[in-house]
Amino acid sequence: MAFAGAFLVACGLCFLVWKVTADASRASLQLAHTHSVISALAQIRADTLQVELTTQSFRTSGDERFLAERDRAMVERETSLKALWELVEPFKVQREHWQELRLLIDERMILSRRIEQIRRAEGAQAAAAFVSSAPLRQTRERTYALLGEMESHEDDRLESLVMDQRRIRQMMGSLVLLVAALLGAFLLFTYRFIRKQLLAADVARQALVGSERRLALTLQSIGDALIATDAQGRVIRMNAVAERLCGRRLCTVLGHSLDQVMQLETLDACAAGPLDLRTWQVPRRDTPLILVAPCGRRSIITLTASGIGEEAGNPQGMIFTFHDQTDLYEAKRAVERNNEMLEVTVQERTADIRQAQQTVRALNTELAGRVRELEHVSRALRTLSAGGRAMLRASSELELLEDMCRAIVDAGKYGMAIVWYCEDDSEKTLRPMAEAGYLGGLAALAPLRTTWADNERGRGTAANAIRSGQTSVVSDMQTDVRYRPYRPFLQGNASSLGCPLRVGDRIIGALTIYDAEPDTFDNDEVLLLTESAEELAFGIELMRSRGEESRIRQVVHQLSQFDALTGMPNEAQFVAALLAQIGASEYAPWTVIQFNIDRLSEVNDALGFAQGNLVLKGFARKLESISNGCVVARLRNDEFAMLLPQAGREQAKQRLLLLQEALKEPVSMGELFYDISMHAGIVEVPAGTSSVHEVLRLMNIAVRRARSLGLPFCTFQPSMDANRDQSRRLNMAGDLRRGIERGELSLFVQPKVDMRSGAVCGAEALARWMHPQHGMVSPGVFIPLAEQVGLIKPISEWVIAEGFKIARRWHDCGLALPLALNLSARDLQNPQLSAHIEGQAARHGVPAANVEFELTESAVMEDAERSLHILKEIQLAGFTLYVDDFGTGYSSLSYLQQLPVDYVKIDQSFVRRMISDRDSAAIVRSTIDLVHDLGRKVVAEGVETEAEWNALKAMGCDIAQGYHIARPMPEWEFEHWVSSHASA
């Protein structure tokens, strides 16, 4: 048992060493894998940026050298992609990212080839136009996002691995201590157990002697069983002991023969069946017999017999005395067996004790060796763990080297550690980069003049490791002839170990570790320290790659926060500045300015984007020259902005005057000089503003107002904001949607009268909305709102359906007047409009002559070609068409001539002013004449006075409509009004 325990402890120790070595090796492989993935991602990112820059350079310059550089970058990127695939293929998430990245890069390669083809075939302008429409920005952002996600995934795995390694090392250290404690406890337990067994054996012997004595006393005190028979052998008496042994009561066997009461058998195995007492001779007293009771109980007894009252040699009876020897017999047998077993056990225990003593001596010897190995492995593990922590904490390569040397000396308790870098000079110099434990530091190592060349001063472990690429060990430098030149500098150290530092495919130096104990580095320790050197090399490579990544991040930051053309902050940075200003100026107003360069698109169209870029750069320089520390930015295309944190509108105007003065000097565009003009909008932002988008919106409103008024700049006023009551409009839109569903809309009609005869010739249907809270809402309010929020279509459908219902009722009651319905611009975009109108007419059984349609001039001109096609379909179906609000749009006479309309309605704004304004009267007269010359009739709307009626009648106007005739009225009132008008 002791040997088995010792063997298990030894196996446990071996398993711990193997486990630590395996985990360390696995961690090293994972670290190398993560480094390879991150390096590949960095290379892909750099190659992608190179491809994009060279493509853009070729697009702008046409230089073929950029294409060659781009193709080389593509080849390098493909190599990196293949290497990355081999690394991430086993991992599902990274594999999916790589596949998506592959598609994005292929898409961008196609776009790059396409730009090249367009640039060669059509020139720079066509290539620039293609770039502006191609999804370059989206694919670029997604590409860099995927690269970032893959890098983050690898960083997370690396951090998880480091944490797992730290936990495993802590657990291994605890297990080592636990195994040592268990081994000591086991040895102590073995000693105590053997001693206890010896004491127990002695006690057992003494107990056996006492047991035998007590058994003899007990046997002597047991009462005998007694049975008396008469001369014929019939039972006459039995004592209680006999009754118990025979299993019969005296009253039941009285008068029975003895052989019926006592069934005896011999212990002789050869005897068969029960004994016959009539022929049986009484044996000696110590001869055992078996007494079988009726219940089957078998008792071992000794039997004696004596005569009673012998007369003439014939006894009167017999007394049989027998004693129960069952317990005694079993006890003797048990004692005999115990003695035999005890003798065997004593012999076995004695042999075990001797074997245990030999095993303990062997274990003590082996344990001493294992403890020494464990101490070496433990300090190597501490060194490995401390080196990992140093790699995580270090922020620079030199700091990493110094922290690693300190970790080796402080955590590993080695005598000294030095990191050497090899130089590729003629002497192949070894330069010490960091040390720990060497008296005098790096300054004291300088006179060594070490080299990694294969000569007398290049025989050390560092030089051997660099040349061979393998770990080099020297057991005792004090006696090794190769270290004769360095013995004055050893400072008492004897053992030396050198590990190469391999970064990528190149050995850059070596890590050397020294200790005062000769032959101190065993195989397991060498493996772990070699792994520490590999981790250090990986950390060096990681630091160098992080430096490259930092540079790339700076470039990406520059591209994301600054305008690539002008170098000014872009819109994203300006928005961030606005957010900061909003947070810092809670109680004080501040000012922003937006600048729009005039006619930049004309420059691009006439001279090309390159010349337009010169204009943008020139304006940016002039804007920066007058910024005086204020935030200036290029928002987009020809839009620039300035943030004045603690200035009002007057200071903003002063800056604009300075800019105008600076713009008087033209911008040079090669051989040309261009005078830049611009419009600007000033917004004094009130305190408490919380929305950046609101500030940008107000800036845009101010610039548009300045452009529309022809002013160089304009200051924003609240009256400029047509959408300032946006909340009320949104609520009104919701009410309108519900009003349509609840049937709150109704159609009013306004009569139209023939000006020659004065007879009613028709009516116009006008939509009205009875709001539950606000009462009657003007169509001038809810119709534009419906067009903005997308409700004009259901309103138009309802108007057409309701109009045909009214026309049907008029037709049924004999009121043969046409009803004009209004069509919106959205209606004219519906190719099924004519079919829908014809369907309504057929559904309600209304002749086409009873329904007319009016449409505004501007609605037709939104898409003139489509509108003409749809209007011709409606006219062919037999419906009369009107052009409403004529004179307020921008249609030409050629379009008016092409429109399939029968009537032209003069806008009421001209009608109202024609009495007092000669120009308006001339416009009305000219319009009437023109429309008549084109073969159409004229309708004047908004006729409110008799003077206007008389003037229009004198000009030859055909039909009038307005308050002078009648106001809009409900449909049921119109019939009574027509009757009363006819009678008048």
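This is a short talk on one sheet and one helix in the structure above.

Okay, so first the ground rules: this is a predicted model, where local features need pLDDT of at least 70, side-chain atom pairs count only at pLDDT 80 or more, and totals for chains, interfaces and linings use all residues. Residues are numbered from 1 along each chain as its sequence is written, and side-chain values use heavy atoms, with hydrogens and water left out.

Let's start with the sheet. It's an open one with six strands, ordered β2-β1-β6-β5-β4-β3, and the pairing is antiparallel. At the edges sit β2 (235-238) and β3 (263-266), each pairing on one side only. Strands here are DSSP runs of E, at least two residues, and helices are runs of H or I, at least four, numbered from the N terminus; two strands pair if DSSP finds at least two bridges between them. Take β5 (residues 298-308) and β6 (residues 317-324): they run antiparallel and are joined by eight bridges. One to click on is T302, whose bridge partner in β6 is H323.

Now, helix α22. Which of its residues are buried? That's L833, S834, I837, Q840, A841 and H844, with buried meaning under 20% relative accessible area, exposed over 50%, and partly exposed in between (1.4 Å probe, protein chains only). Looking down the axis of α22, those buried residues fall within an arc of 125°, so they line one face of the helix; the arc is that of the directions from the helix axis to the C-beta atoms. On the other side, A842 and R843 are exposed. Right after α22, G845 has a positive phi of about 65°.
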